[in-house]
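Biologist: I would like a close look at a single part of this structure. Take one element and walk me through its contacts, with the cut-offs you use.

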Amino acid sequence: MNKRFCSVLVLWMLGLVVLLAGCSKELQQRQTFIGFLQKEVIPRNSGLLIPTKAMRKKFGIYTAHYDVIVEYNKAMLEKVGRPLEKLQREYQDAVKPEANIGERRKAIITYRETLQPIKAALDTELAMTESKVEKLDQPDELKEIYSQAVEKHVRIPAKALKAMIPAIEAMMDKSLELLDYIIANKGKVEIRDGMILVDRNKDKDQATLTRIEAMQAEIRSMEHAIQSQHKEFIRQSIGK
C-alpha cells in the first residue's frame, strides 16, 4: 500500500475516533443534563438548585443553558422582587392611620412612579431571557425538556406577575381619585385615624356619602382581586 495513502488513512481513522469520542461525550453531557432537569428542576416547588463545580463539569456545554434560567431568576429577585417588597413596606409606612390626606396622596403617587421601572425591568429581563433561549442550539430531545423548565421557572411566574401589576396600578388610580374627591369636598369629608368620615349634618349631603361609599367598595373589590392574583402568582411560582 502506498505510504502516503496509509498516512492519510491513519489520520482519517484517528479523526473519526476523535469525532466519535466527542459525540459520545456530548451525548453523555446531554443525558446528564436532561436527567437533572427532570429530577431536580421541573418538579422543584420553589427556588433553583445551584449546581456544584462537579455537576457543572458533567453538564459540559449545557451548563450555559441552565445558567440562562438561573440568571433570569437572580435578576428577577434583585430588580423586581426586592424592589417590590421595599416599595410595599414604604407605602404601608406612609399610609398609617395618623397620615393626613396630603401624605396619603404623595404615597400613592410615589408608589405609581416607583412601580414603573420595576415593571420595565420585568419586561426587559423576560425579553432578554426569551431571546437567549431562542439562540440555544439544542437537540430536539433536550429542547422539549428544557422548554418545560423555562415554562415553570420563567414564563408562568412572569405571566402571573405581569397580570397583577396593572391591577395594582388601577387600584392606586382609584385610591387617588377617592382622595382627590375628599379634597374637593373639604369641610364635608375628612380622614381621621385612617377612617373616612362624612358629616351627614352639613348640607345633608347624602350624594357625597353615596359617592364615597361606592368608591370605597370598588377599591375593596380591587384589593380582593389583587389578593387572589397574588395567591395565583405564589401558586404558579411554587408549582402548587
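Modeller: I will start with the whole chain, then turn to helix α4 and its contacts, and end with some other sites.

This is a predicted model: local features need pLDDT of at least 70, side-chain atom pairs count only at pLDDT 80 or more, and totals for chains, interfaces and linings use all residues. Residues are numbered from 1 along each chain as its sequence is written, and side-chain values use heavy atoms, with hydrogens and water left out.

First, the setting. The chain has six helices and two strands. Helices (H or I, at least four residues) and strands (E, at least two) are DSSP runs, numbered from the N terminus. In sequence order the pattern is α-α-α-α-α-β-β-α. The chain has 240 residues, and 34% of them count as buried. Buried means under 20% relative accessible area, exposed over 50%, and partly exposed in between, with a 1.4 Å probe and protein chains only.

Now α4 itself. Helix α4 covers residues 101-135. Its packing against helix α5 (residues 140-184) comes next. Two packed helices are described by the angle between their axes and the distance between the axes. For α4 and α5 the angle is about 160°, and the axes are 10 Å apart. That angle makes α4 roughly antiparallel to α5. The cut-offs are under 35 degrees for roughly parallel, over 145 for roughly antiparallel and 65 to 115 for roughly perpendicular, with the rest oblique. Axes are lines fitted to C-alpha atoms, for helices over the stretch in contact, and angles run from 0 to 180 degrees between N-to-C directions. The crossing of α4 past α5 is left-handed. In a left-handed crossing the near helix is turned anticlockwise from the far one by less than a right angle; clockwise is right-handed.

Next, the charges. Side chains of opposite charge can pair when their charged atoms come close. I call it a salt bridge when a side-chain nitrogen of Lys or Arg is within 4 Å of a carboxyl oxygen of Asp or Glu. The structure holds 18 of them.

One salt bridge ties α4 to α5. E169 pairs with K119, with the closest N and O atoms 3.7 Å apart. This pair links distant parts of the chain: E169 sits in α5, K119 sits in α4, and 50 residues separate them. E169 is buried, at 10% relative accessibility. K119 is partly exposed, at 28%. The pair belongs to a network: salt bridges with shared partners join R112, K119, E169 and D173. E169 has another partner too. Its side chain makes a polar contact of 2.8 Å with the side chain of Q116. A polar contact is a pair of N or O atoms within 3.5 Å; within protein, one must be able to donate a hydrogen and the other to accept it, and residues adjacent in sequence count only if both atoms are side-chain atoms.

Another salt bridge ties α4 to helix α3. The side chains of K79 and E125 meet at 2.8 Å, N to O. Here too the pair links distant parts of the chain: K79 is in α3 (residues 63-94), E125 is in α4, and they are 46 residues apart. E125 counts as buried at 9% relative accessibility. K79 counts as partly exposed at 43%.

R104 in α4 is another case. It is buried yet has no salt bridge. The nearest side chain of opposite charge is that of E103, 6.9 Å away. For charge, Lys and Arg count as positive and Asp and Glu as negative; His and the chain ends are not counted. Backbone oxygens do lie within reach of R104. Its side chain reaches the backbone oxygen of V95 at 3.5 Å. A polar atom of the R104 side chain also lies 3.5 Å from the backbone oxygen of P97.

Beyond α4, α3 has a salt bridge within the helix. E90 pairs with K86, the closest N and O atoms being 2.6 Å apart. The two are four residues apart in α3, so about one helical turn separates them. E90 is partly exposed at 41%. K86 is partly exposed at 41%.

Two C-alpha distances complete the tour. E190 in strand β1 (residues 189-192) is 90 residues from N100 in sequence and 9.2 Å from it in space. E190 is partly exposed, at 36%. H230 in helix α6 (residues 206-238) is 66 residues from M164 in sequence and 7.1 Å from it in space. H230 is partly exposed, at 39%.
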